[in-house]
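Ready for some practice with helix packing? Take a look at the chain below, then work through the exercises one step at a time.

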Amino acid sequence: MSDQVEDYHYDRSMFFNELSQSIERNKLSTNVLFSNYLNDFKDIVQHNGLVHEEMNIVCQLLCTVNLSVQNFKRILLTLVPEEPSIPHDICEELIVWALSAYRQNANDGTKAQCIFYWLLYVVEEKLTNMDVIDKYYKVLFHLCNYENVNQPIAGIIYCLTKSDDVQKWMITCCKNIIEGSKSEPHLNKLLNFFECPNSINSIRQKGLFDCNNTFCKELACGLRSVRKELMNIHPQFTHTQQLIEYERKSSDKLYSKIQFVDVNNKFEFPSTEELAKSFMKEGSSNNSLILLGNVSGWCKLLMNNDKELNLQHRFSNNLYHSLDQIFLSNEIVVKPLKKTKFLQEILEFQKFAHRGLTAVNMFIFQYIISWDGMENSRIIYELFEYLSFTSEEELKYRFLEKLYAIFITGDELIYRMVINSLTNLLCNLYFNSKKTRTNKNCTLFGEELREETEFEIVKCLTKYISHWCSICIYNYPQEEQLKHTVYTFFEKVSVLENLKPSIWPIWTIMPPSVFYNGLMSVNIYWLDRLSKLMLRHIKVDTDRIEDIADNTLILRPLQLFDLYMADFYNALHAGELFEKREEGFIFKYLKEKEVEKDFKIVNLNICFQMEKHIALAPYFMNAVHTVEDPLDLLQTEAPNLHKLILTLNENLQNDTEDEISSINL
């Protein structure tokens, strides 16, 4: 009798072992005990939830195993966190899977719909880092046109939208979808939300985009109960550890108070200083890599510079040796999931420290030689962002030249990931150069560099990224997401180059291929966004460069910028792009005979004038009887473009008056 009872004993660890084996077999287990446990497990999770490791297993199962729709739903119902802090990489992996699967076939479309409903309730309850979801905002918005998923997508957009996000094309898009469908009540709700500015700034109403079927009700119940369960255990807390909004308060202490909460107990440490000290005992484990697994270990690594203990040095050596054995020499065979987890832990530590590890630098410089650009791409490209360099030569020959081989042979996705990663790397290098380091004994991150060396490294990296952006636009001139990544780089670098206290003598402007792609874009959005950046250059950069310029190399961007602005003004406003080509850049050396030969139909003078420009013409055609001055229309549809033309016009008049005054004198 006792043997029979043991046969039917089935616990949680056995269940997740079975799930892991299902992932390896690429087929869900048919074990009867497993199936029975799965049926009951949903009710267990509703109250207890999954820990992060269990959630990761469920996520991998959903994304890699071809499940039936019924089993997919049953397993998705178990994806409820123990605490309101779902790892952002799990959310991102599910989003990417759903985006790749929603149009493949009917079953995958239904699965994707389930994922988006799950994501809706995660966003409503703010159970993860919202920035991770927000970066897919535009991609998700365009799915409103796809009937199978537009209800949960509309709810996600409703939760994420900020006042600056709403644009006229979004309202028009919603109206077109509603007109083309018999009944779209959720899109009507979204449209009303967009058209009411006051509602965007108010608190979002939960449950507005709920679905009434049984599955969605159970899904919503599980995720919405997470915060309630924690509140029952800790009624004094109103937010989770991950989502607390800390406020700076005046205090004599140098460290802010932090708290750790788990389901059963509350551990409270008065300050990070005392927390670190409590772990700074001489009796330290020989396996220093264990410290990667939690915040207390991170504090111990960062704050313990005891020479006798030599913890930082041991950790760096162990880390590099492990990376070498697992990824480079393959002396140790490790499952892909464990490899990914190891890299993720390293990345999280570097984020916490706001600086890269020397051991990781050495690993990346070797790994990139044989890397295909896609394996563990999300983590590897994020690791790039925390690299540090001892010289300009190291940056060029050990990193950029190796990365260029991946970049130039890649597709549009590789282009975006590389430019985005290097942009964030540049930001980190800038911020680290401005930060005063008080602890010079901390050798974990390498020696402190001289400002001249930091400047050369930043200048070199900026030059390379700018050139690679030019390649991106040349190969994919119409790819909207790639253009956004490229524009973001130039917008960020414009801010970085004006950071105080010390401003370096450098000014980065768009290369010609990027600038003229924006000027001649078919989309008014890019023309207006380009104008916004050019206005910033006029207000901030031109005077700064004239003040700090001490050689002709610094003045070259200023001269090129003047050529850009001449073409911009002569094309859009004056309608004399070709006649005054010597003032600009693009047609400067084009002869009239060549124009007569090759451009028989196109009039280069007026084809990019406001009323004729392909991006602006539709707006002028619609308003032909209501607008007398073309600039009046731009004030509404493209305010930055309108302001830039007025600024250029004003500068031109001032220059003319100065010339007349000098002649009279």
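Angles under 35 degrees count as roughly parallel. Keep that cut-off handy, and remember that this is a predicted model.

**Exercise 1.** Work out how helix α17 and helix α19 are oriented relative to each other.

*Solution.*
- Start with the geometry: α17 (residues 311-328) and α19 (residues 358-370) pack at an angle of about 20°, and their axes are 9 Å apart.
- Now apply the cut-off: the two helices α17 and α19 are therefore roughly parallel to each other.
- Next comes handedness: α17 passes α19 in a right-handed crossing.
- Who touches whom? From α17 come S316, L319, Y320, L323, F327 and L328, and they meet A359, V360, M362, F363, Q366 and Y367 of α19.
- Sort the residues of this α17–α19 contact and you get 10 nonpolar, two polar and no charged.

**Exercise 2.** Do the same for helix α21 and helix α23.

*Solution.*
- The axes of α21 (residues 392-408) and α23 (residues 451-475) come within 10 Å and cross at roughly 15°.
- So α21 and α23 are roughly parallel to each other.
- The crossing of α21 past α23 is right-handed.
- Residues making the contact include L400 and F407 of α21, along with C460 and W468 of α23.
- Sorted by type, the α21–α23 contact has 13 nonpolar residues, no polar ones and three charged ones.

**Exercise 3.** Put these helices in the context of the chain: how many helices and strands does the chain have?

*Solution.*
- Count the elements: there are 31 helices and two strands.
- Then check burial: 48% of the chain's 665 residues count as buried.

Key: Residues are numbered from 1 along each chain as its sequence is written. This is a predicted model: local features need pLDDT of at least 70, side-chain atom pairs count only at pLDDT 80 or more; totals for chains, interfaces and linings use all residues. Side-chain values use heavy atoms; hydrogens and water are left out. Helices (H or I, at least four residues) and strands (E, at least two) are DSSP runs, numbered from the N terminus. Buried means under 20% relative accessible area, exposed over 50%, partly exposed in between (1.4 Å probe, protein chains only). Axes are lines fitted to C-alpha atoms, for helices over the stretch in contact, and angles run from 0 to 180 degrees between N-to-C directions. Angles under 35 degrees count as roughly parallel, over 145 as roughly antiparallel, 65 to 115 as roughly perpendicular and the rest as oblique. A crossing is left-handed if the near helix is turned anticlockwise from the far one by less than a right angle, and right-handed if clockwise. Contact means heavy atoms within 4.5 Å. Ala, Val, Leu, Ile, Met, Phe, Trp, Tyr, Cys and Pro count as nonpolar, Asp, Glu, Lys and Arg as charged, and the others, Gly among them, as polar.
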